[in-house]
Amino acid sequence: MMAAGPAEKARSFGPSIKRLIGLLGHYRIAMVVVLLAIVGSVVATSVAPRVLGRATDLIFNGVIGARLPAGVSKDQVVAGLRAKGQGTFADMVASMNLTPGVGVDFSAVAHVLAWVLGLYIGASLLSWLASYLLNIVVVGTITRLRADVEEKVHRLPLRYYDEAQRGDLLSRVTNDLDNLSQTLQQTIMQFLNSVLTVIGILAMMLWISPLLSVIALLTIPAAGIATALIAKRSKPHFLQQWSSTGKLNAQIEEAFTGHELVTVFGRQQQVMQSFDERNEKLYAASWRAQFISGIIMPTIMFLGNVNYVVVAVVGGLKVASGSLSLGDVQAFIQYSRQFTQPLTQIGSMFNLMQSGVASAERIFDILDADEELPDPSAPDTPDVDHGRIEFSDVSFRYLPDVPLIEDLSLLAQPGHLVAIVGPTGAGKTTLVNLIMRFYDIDEGAITLDGVDTRAMTRRDLRSRTGMVLQDSWLFGGTIYDNIAYGNPAATREEVLEAARASHVDHFVRTLPEGYDTIIDEEGGGVSAGERQLITIARAFLAKPTILILDEATSSVDTRTELLIQQAMAALRSDRTSFVIAHRLSTIRDADTIVVMEHGRIVEKGTHDELLEAKGAYYRLYQSQFSGALD
């Protein structure tokens, strides 16, 4: 099943990230502006501490200068200190830009602080601009991706839905898309800002002191190794987390949909037990993923604190020796803290990124799934519209090594009713699925009015076909809208005529709101038989060349079923009708009854002919009417 796929096959992180970046390509100009704005913000933020260090130097120089005797030069002060044996203090004074006896120049300090304030305001404005544009880019990208997924879903073959769990598929197109959106919004800006900040700060650190920079750089490989090791262990758990989420959603969807059945058979305890087991698996996977990935940030913070202590000690020694000014050391310590902060942010973002990439891979599974074979570039279309269907030596298999339909030949003349009967698994529904091209045949040909259905577009083929399934499907809206869905261009009189022909009109007029009665997706407010009548009316309104009913009357009572058969008799003029039925009493008047077993036609004829032959149809009939043949 698809739900187990991602957990079994963990793909590499890099290709998925590269593909995600490619999704942003539609907004190249905006992304360039975002990058330039982030660069400008980082440059301003990186330069500000060095400028602020000048203010510290002005204050420190003023404090020291005020303590020195006035009226002498700095060189004389330095010489006097050396003569007194204070060589270290003399070296520090020699490296300082001060005037003995002169205190702090507060006007110069204010000027420097104004520059720092301007740099931080500029950085904030540029950061806001980048965040604003990036939000537009991410929202637009997710909107396009959601549209791509929606279009892809409509291009997927029926085989895909047969193999996938519906709840898991819904989880992919809802939960995973939302998770990916949050990941992109929370990580792109922060990641770019963090990476560029590391580069900018590193450049400033090298400018101030290569030695201190080497000490600070020792944090990078240590943090990188720790992050890689932890991330490698956390990714499988994130994949398992979202896979378990899909499985849990699938079970919840099934339990809610089949709530009545669960209640009737008293299986609530088993459903709850299964839910608890899946919920526990989701909890375990989520806990492991969050716990392991959560180790990254404290690990990097610890390495940053160690780096801070070493830089402070070595920096203090260099100030004392006069190799660096106090403002430079202050700026460098600030840089070292800022240097580890983006590294910490990058590490913590791996938590989100791992989760987002896991969701992206599940979405890419849908986008990369095999689609239906494309329609022919030069499609053919029947010259007439009679509904003559012919199967010629048709073979089909769901699985390559499991035969189902082999060498089947069948002719359905216009205006004829063809009934298809047989035990469960005989291939009855598969036969009509092949007519609709929900699946393509492996060998042979199916023709409609002399044209191979594979030479027609699916839209053309299906526009000539009306189909009513055993499970009635209605959408939220009025009864009128549900019937009109079969032909949006139909007039109100045509809709009412279809309703009368299918005996919908009778029960609708007993409702307070009539055709304006609102029903939900489950058909709330009308009975199961009435829901089926509405779907039949919808098929009648489409006025198809081919009418297919797959156990369509199974939910209606015998009297209503007889009325529907009478209405269908009037509609079958110049139309071909296929009826799949288990209730053999409903197909006695069929022009041709086809009996299928194991994908083959074992008998074919009218009701009387097949009873007289006393073959497979006779046995089926006898099993339903044990006394009818006596």
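This dialogue goes through a predicted model, feature by feature.

Visitor: What should be known about the model before reading it?
Guide: It is predicted: local features need pLDDT of at least 70, side-chain atom pairs count only at pLDDT 80 or more, and totals for chains, interfaces and linings use all residues. Residues are numbered from 1 along each chain as its sequence is written, and side-chain values use heavy atoms, with hydrogens and water left out.

Visitor: How are the two faces of strand 3 covered?
Guide: In a regular strand the side chains alternate between the two faces of the sheet. Strands (E, at least two residues) and helices (H or I, at least four) are DSSP runs, numbered from the N terminus. Buried means under 20% relative accessible area, exposed over 50%, and partly exposed in between (1.4 Å probe, protein chains only). In strand 3, Leu417, Ala419 and Val421 on one side are buried, as are Val418 and Ile420 on the other.

Visitor: Which strands pair with strand 3?
Guide: Strands of a sheet pair through backbone hydrogen bonds, either parallel or antiparallel. Two strands pair if DSSP finds at least two bridges between them. Strand 3 pairs with strand 10 (residues 576-580) in the parallel sense over four bridges, and Phe578 is the bridge partner of Val418. Four bridges also join strand 3 to strand 11, again parallel, where Val421 stands opposite Val595.

Visitor: Where are the edges of the open sheet, in the order 2-1-4-5?
Guide: This sheet has four strands with antiparallel pairing. Strand 2 (405-412) and strand 5 (451-452) stand at the edges; each has a single partner strand, so one side of each is left without a neighbour in the sheet. Two bridges join strand 4 (residues 443-448) to strand 5, with Leu448 opposite Val451.

Visitor: Which residues have the most contacts inside the largest nonpolar core?
Guide: A nonpolar core is a set of buried Ala, Val, Leu, Ile, Met, Phe, Trp, Tyr and Cys residues joined through side-chain atoms within 4.5 Å. The largest has 42 residues, and Ile483, Val504, Ile587, Ile593 and Tyr617 have the most contacts inside it. Its largest share, seven residues, comes from helix 20 (residues 528-541). Apart from it lies another core, of 30 residues, including Phe396 and Tyr439.

Visitor: What does Tyr617 touch?
Guide: Contact means heavy atoms within 4.5 Å. Not counting residues up to four places away in sequence, Tyr617 touches residues including Val421, Ile587, Ile593 and Val595. Tyr617 is one of the buried residues of helix 23 (residues 616-624).
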